[in-house]
Amino acid sequence: MLQKSYAHQLLDGLTKDQLYKYIFSELPENKAYYQKSMNQAVNAIVEHLENRNEPFSGASLEEVKVRFSKIFIDDTGYGATLHEVLDELKELYLNDAISFHNRKYVAHLNCPILTPALAAEVIISSINTSMDTWDQSAGGTFIELKLIDWTLNKIGYPVDSDGIFTSGGTQSNMMGLLLARDHFIHQRYKIDPKVDGLPPEATRFRIFCSEVSHFSLKKNAALLGLGQKSIVSVPVNEYYQMDTHTLIHAIEKERLSGNIPIAIVGTAGTTDFSSIDPLSDIAEVAETYNLWFHVDAAYGGGLVLSDKHCYKLKGIELSDSATIDYHKTFFQPVSSSGFFMRNKTHVDYIKYHADYLNSKEQEEEGLPNMVKKSIQTTRRFDALKLWMTLRMMGRKKLGQYIDDIIYLAQQTALMLRERGKFEVLNQPEISAIVFRYNPIPGTRIDLCSVNAHIRKAMFNEGKALIASTKVKGQVYLKFTLLNPLTELKDLEEIADIIQKHGEEYFRNN
Ligand SMILES: Cc1ncc(COP(=O)(O)O)c(C=O)c1O
């Protein structure tokens, strides 16, 4: 009470109602203010959609920096209306936001998102459930559990499997490597790494993945105390898949040099090429050498939605753990991802009982708690987005989206090849195409410079956004197609823009 009247005095002129209306609450004033605010925020987005036809405004870094240099957080404070703040936000952010929903955004692995999931976002952030324990989430726990079971079933794991929603593929991959590491230590050295830490031999642990697997594996290996050198990059074949003979050779080589193989990571949907490693064959190798097998299906996980393409994930059911990103190929807003393990007892490697949160007694009473399976404590109710999506749309409609983008990717690769001005490196297994502008094959032109110029010029212009990557040290361009609304004619227009910038480069150099 003392504090409230103190604040009251400080903010002279404000009534108590005016001061506290911002707090989300059942009080009539607050409820009305909430509803009005939400409407205004939605209106700002609708206006943004109306005014924005291109994926990017083309604003330069300098322009944006200057705008922020005029903002002093302490100076504003109370007094600004939501309307004013939203107006300011247009200038600072919305007008230049990168539109992942735009049909000509074909750069990174960002999908357009679904309205049922956006409606869920409002509920998620308003109710603000935290998923760690039953006493903070109640029915939310069962919504997440249902979706975990559904995904486990789609992966093809046995009944004793389990999973958890995570913040993204990077965190899910970390959990995969963490369980792989601790399972190995527990089996081999009969110690509990959770309590005892790592044995000295851990500096010689080795994890095998393809040379085009995601960088989060290296980053996570470092965070897990194994060092980036623990990651052995296995060369890929002409289809950008891990070659299993080379894999076996790499395992043998490491063993001969005194290192200790502990795990293999197969990728289902590589970031650059969308290629899928031969999962069944890798599973066999993992079994032969008694290694943990993790599948990074952050990108390819969405294939489980498609009756036509789900066969491409064959072998994932034989893995020990898997990553699936709902915020990539399930058309969900960031963040929404899952980590799945074949054997639910493996969760013991990370399980912890905190007396204030998930005591042993509560567990014995049968109260579910999700915190034991997660490396986070407070955790968003991201599951609700997928829940509302699937309850409203069903799996098959999402599967149709996947079929559409794969078909579009195949047509696009063909279109690029037929133009005769592009070198296309891969036939997309899902929806990523790596290529470069090379109008006069065989001549000694600097292809790296022209292709780097094209990507940069396109970003500065903003009419269409594409990505670039390097393959064997050479700069290439990349399309990642995740928008079922994008049509071949959009890609043809993008190819025209690429050619225009390429020709311009040659004229000026
Ligand atoms: C194959 C793969 N794995 C993992 C990740 C990391 O996922 P996130 O960005 O959700 O952490 C990515 C991201 O693009 C990816 O392509």
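**View A. Helix 8 and helix 16 cross in a left-handed manner.** The model is predicted: local features need pLDDT of at least 70, side-chain atom pairs count only at pLDDT 80 or more, and totals for chains, interfaces and linings use all residues. Residues are numbered from 1 along each chain as its sequence is written, and side-chain values use heavy atoms, with hydrogens and water left out. Helices (H or I, at least four residues) and strands (E, at least two) are DSSP runs numbered from the N terminus. A crossing is left-handed if the near helix is turned anticlockwise from the far one by less than a right angle, and right-handed if clockwise. The axes of helix 8 and helix 16 come within 9 Å and cross at roughly 60°. Helix 8 is therefore oblique to helix 16. Axes are lines fitted to C-alpha atoms, for helices over the stretch in contact, and angles run from 0 to 180 degrees between N-to-C directions. Angles under 35 degrees count as roughly parallel, over 145 as roughly antiparallel, 65 to 115 as roughly perpendicular and the rest as oblique. Ile143, Glu144, Lys146, Leu147, Trp150 and Lys154 of helix 8 meet Ala383, Leu384, Leu386, Trp387, Leu390 and Arg395 of helix 16, where contact means heavy atoms within 4.5 Å. This contact of helix 8 with helix 16 has eight nonpolar, no polar and four charged residues. Ala, Val, Leu, Ile, Met, Phe, Trp, Tyr, Cys and Pro count as nonpolar, Asp, Glu, Lys and Arg as charged, and the others, Gly among them, as polar.

**View B. Helix 6 passes helix 16 in a right-handed crossing.** Helix 6 (residues 115-127) and helix 16 (residues 383-419) pack at about 140°, with their axes 8 Å apart. The two helices are therefore oblique to each other. Helix 6 contributes Pro116, Ala117, Ala119, Ala120, Glu121, Ile123 and Ile124 to the contact, and helix 16 contributes Leu384, Lys385, Met388, Thr389, Met392 and Met393. By class, the contact of helix 6 with helix 16 comprises 10 nonpolar, one polar and two charged residues.

**View C. Helix 9 and helix 11 pack in a right-handed crossing.** The angle between helix 9 (residues 169-189) and helix 11 (residues 216-223) is about 55°, and their axes are 9 Å apart. Helix 9 is therefore oblique to helix 11. Thr170, Asn173, Met174 and Leu177 in helix 9 meet Ser216, Leu217, Asn220, Ala221 and Leu223 in helix 11. Five nonpolar, four polar and no charged residues make up the contact of helix 9 with helix 11.

**View D. The surroundings of the ligand comprise 13 residues.** Among these, Gly169, Thr170, Thr271, Asp296 and His327 come nearest; a residue is near a molecule if one of its heavy atoms lies within 4 Å of it. An N or O atom in the side chain of Asp296 is 2.7 Å from a nitrogen atom of the ligand. A polar side-chain atom of His327 is 2.8 Å from an oxygen atom of the ligand, and one of Lys328 is 3.1 Å from an oxygen atom of the ligand.

**View E. Two loops hold backbone features at Ser335 and Ala138.** Most residues other than glycine have a negative phi, and most peptide bonds are trans. The peptide bond from Val334 to Ser335 is cis, with omega near 0°. Ser335 lies in the loop between helix 14 (326-329) and strand 7 (337-341). Ala138, a residue other than glycine, has a positive phi near 40° and sits in the loop between helix 7 (134-137) and helix 8 (139-155).

Terms used: Polar contact = N/O pair within 3.5 Å; in protein donor to acceptor, adjacent residues only side chain to side chain.
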